[in-house]
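User: I would like to go through this model with you, one contact at a time. Shall we begin?

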Amino acid sequence: MSPYVFTLLIFNLGLGTTMTFASSHWLLAWMGLEINTLAIIPLMTRQHHPRAVEATTKYFLTQATAAALILFASTSNAWLTGEWAINQMSHPLATSTIMLALALKLGLAPVHFWMPEVIQGLDLTTGLVLSTWQKLAPFALLLQVSSTVNPLILTLIGLLSTLIGGWGGLNQTQLRKILAYSSIAHLGWMVLIIQFSPPLATLSLLIYIIMTTSAFLTFKLTSSTTMNALATSWTKSPMMTSLATLILLSLAGLPPLTGFMPKWLILQELVKQDLPMLAFFAAMTALLSLYFYLRLCYTVALTSSPNTITMLTPWRLNPTQTSPLNPLTTMLTLALLPLTPAILALVIY
Amino acid sequence: MTYLVSLFLLGLIFGLVAVASNPAPYFAALGLVIAAGAGCGVLVGHGGSFLSLVLFLIYLGGMLVVFAYSAALAAEPFPETWGDRSVLVYVLFYILGVMVVVGWFWGGWHEACWVAIDELKELVVLRGDVSGVALMYSSGGGLLMLCAWVLLLTLFVVLELTRGLNRGTVRAI
Amino acid sequence: MTPVHFSFTAAFTLGLMGLAFHRTHLLSALICLEGMMLSLFIALSLWTLQLESTAFSTAPMLLLAFSACEASAGLALLVATARTHGTDRLQNLNLLQC
């Protein structure tokens, strides 16, 4: 791909998301989403591998359907109430349809099936873009409509997402699919809390983006896409491999690490809203996710896999797939928890 | 006129039934052309003659490209039409579904609902939609520029997706 | 719900059901997407015409331009999948299954 075209596409990727952020009219928001989808498509097929093309086709079909559904629901809302503004939706049918369409765009539970397959077909960098930047525009819309959507639908989608995200990842050996299921589970937590505290949902998204960025970039550093490859990644970069364990535990949400913060605050908020059973079930589904993260940690850190002498040589070579972002996000992933009071003071209260 | 517009609305629904019932793409494109034609009729009936013209020229013109694709890809010796058993089941299923929903709403449709809005006006030369579309060149200029930009972007997208002789695994030649 | 509202809603829902439930060819899926866009065009135009808010009648034109972009990207993907998978049948898009 020519660097000019690459720059153009990256620029348009930003343009689409920014348009969706800035718009208050559904038509403009829809246009932003369309520009976003159009710009990511050639970036996804950059390798022109059959798997990449297949993933792109599936991504295109789901995103185009979701965008059309969003515009249809907002048009219905305009027909019934005469209102086009995003945060003024009032008809229950339209808001429910929009919620479903946004769930399809984000890859939330009843309509999540495209997500693992699409991530599996892409290289790690594009997968990273897909699971972070591409979530921003639909999430901004979700934040604006969340106060009008039926709370039961939001709760069901959120709980189902955390459950499916944990359950689906159990049987996977492919790292990208595991990361996709982890994305589904994390977004489920955000949807659970979005009706009670939108700033908390945004904070969770931010922290999820930081954590998943460091996970993707670390896997990219060691060029590992399966659990097998992870088992010998200590020969390539021993330091990052030991940190990868901690990154995975942070994604799982264990206490001394950053990933604990959103789970902690969300559970606290749910209990504060007098929904202890919901908090209980959400915490239980997080255990399912914890299982596959722990299995990855076990492969990375606690096993010494049988290997031949040639597999041990990569330590002689300098890693080529480095990224300047990786040290920063890794540090944030591991050590942001002590800043929780400051973040709370700045963001939530 | 009311009768005609109702007929066109019916044509729109039946066109989409013809598309949705999973025939060969060749015939699905034909169903879409029928639906687009009926949609033009609906728009004319409601007084949007310019929008109807745009739909007819641009949408059907664009449809022609898809139609050419489907004609080129209709490799099957016996493409499925709506008369085939597998498709016919879906056609009947969808028509039945639409009729059930129509029956659900039937009581709420008073006589006045059926009157197309154009019948209530006198004969006018300048239509509202013409002047509305003309706004695209004055106050809506930003959106026009955006549209042009997106069309340019699409050109690059399409070129990047289909570029390269050595790409892909299966080659015809 | 007026008959007009019902008609384009039914048309969109039919297109969506066709896209969701049974597709053998990728081209059929794209045609269903086009059908959904057609019903959206008619919906936006009729909203403009019935409410006499003529300033909004640029919206259907913009929708048409964007749906043309979407359709052309879809057709380019059709070409790309036909190159890599040898056919446009959606059954053959099974490289990424679990």
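User: How many residues do chain C and chain A each bring to their contact?
Analyst: Chain C contributes 40 residues and chain A contributes 37 residues, where contact means heavy atoms within 4.5 Å. Please note that this is a predicted model, in which local features need pLDDT of at least 70 and side-chain atom pairs count only at pLDDT 80 or more, while totals for chains, interfaces and linings use all residues. Residues are numbered from 1 along each chain as its sequence is written, chains are lettered from A and ligands numbered from 1 in the order in which they are written, and side-chain values use heavy atoms, with hydrogens and water left out.

User: What area do chain C and chain A bury between them?
Analyst: The two chains bury about 3,400 Å², and 82% of it lies on carbon and sulfur atoms. Buried area here is the accessible area (1.4 Å probe) that two parts lose on being put together, summed over both.

User: Why quote an area at all?
Analyst: Because the size of an interface is often given as the accessible area lost when the parts come together.

User: How many salt bridges and polar contacts are there between chain C and chain A?
Analyst: The number of salt bridges is zero; the rule asks for a side-chain nitrogen of Lys or Arg within 4 Å of a carboxyl oxygen of Asp or Glu. Seven residue pairs are in polar contact across this interface, both residues being at pLDDT 80 or more. A polar contact is a pair of N or O atoms within 3.5 Å; within protein, one must be able to donate a hydrogen and the other to accept it, and residues adjacent in sequence count only if both atoms are side-chain atoms.

User: Which helices of chain C supply that side?
Analyst: Helix H1 (3-21), helix H2 (26-51) and helix H3 (58-85) of chain C each supply at least two residues of the side that touches chain A. The largest share, 13 residues, comes from H3(C). Helices (H or I, at least four residues) and strands (E, at least two) are DSSP runs, numbered from the N terminus. By class, this side of chain C has 29 nonpolar, 10 polar and one charged residues. Ala, Val, Leu, Ile, Met, Phe, Trp, Tyr, Cys and Pro count as nonpolar, Asp, Glu, Lys and Arg as charged, and the others, Gly among them, as polar.

User: Is Thr84(C) buried or exposed?
Analyst: Thr84(C) is in helix H3 of chain C and is buried, with a relative accessible area of 8%. Buried means under 20% relative accessible area, exposed over 50%, partly exposed in between (1.4 Å probe, protein chains only). A polar contact of 2.9 Å joins the side chains of Thr84(C) and His85(C).

User: Changing topic, how is chain A divided?
Analyst: Chain A has domain 1 (1-139) and domain 2 (150-308 + 321-348), with bounds from an automatic or database domain assignment. Their centres, taken over C-alpha atoms, are 23 Å apart.

User: What about the area buried between those domains?
Analyst: Domain 1 and domain 2 of chain A bury about 2,400 Å², of which carbon and sulfur atoms give 80%. In domain 1, Gln120(A), Leu124(A) and Phe139(A) lose the most area to domain 2, together 29% of what that side buries. The rule finds zero salt bridges across this interface.

User: Finally, what is the secondary structure of chain B?
Analyst: Chain B has seven helices and zero strands. Of its 173 residues, 36% count as buried.
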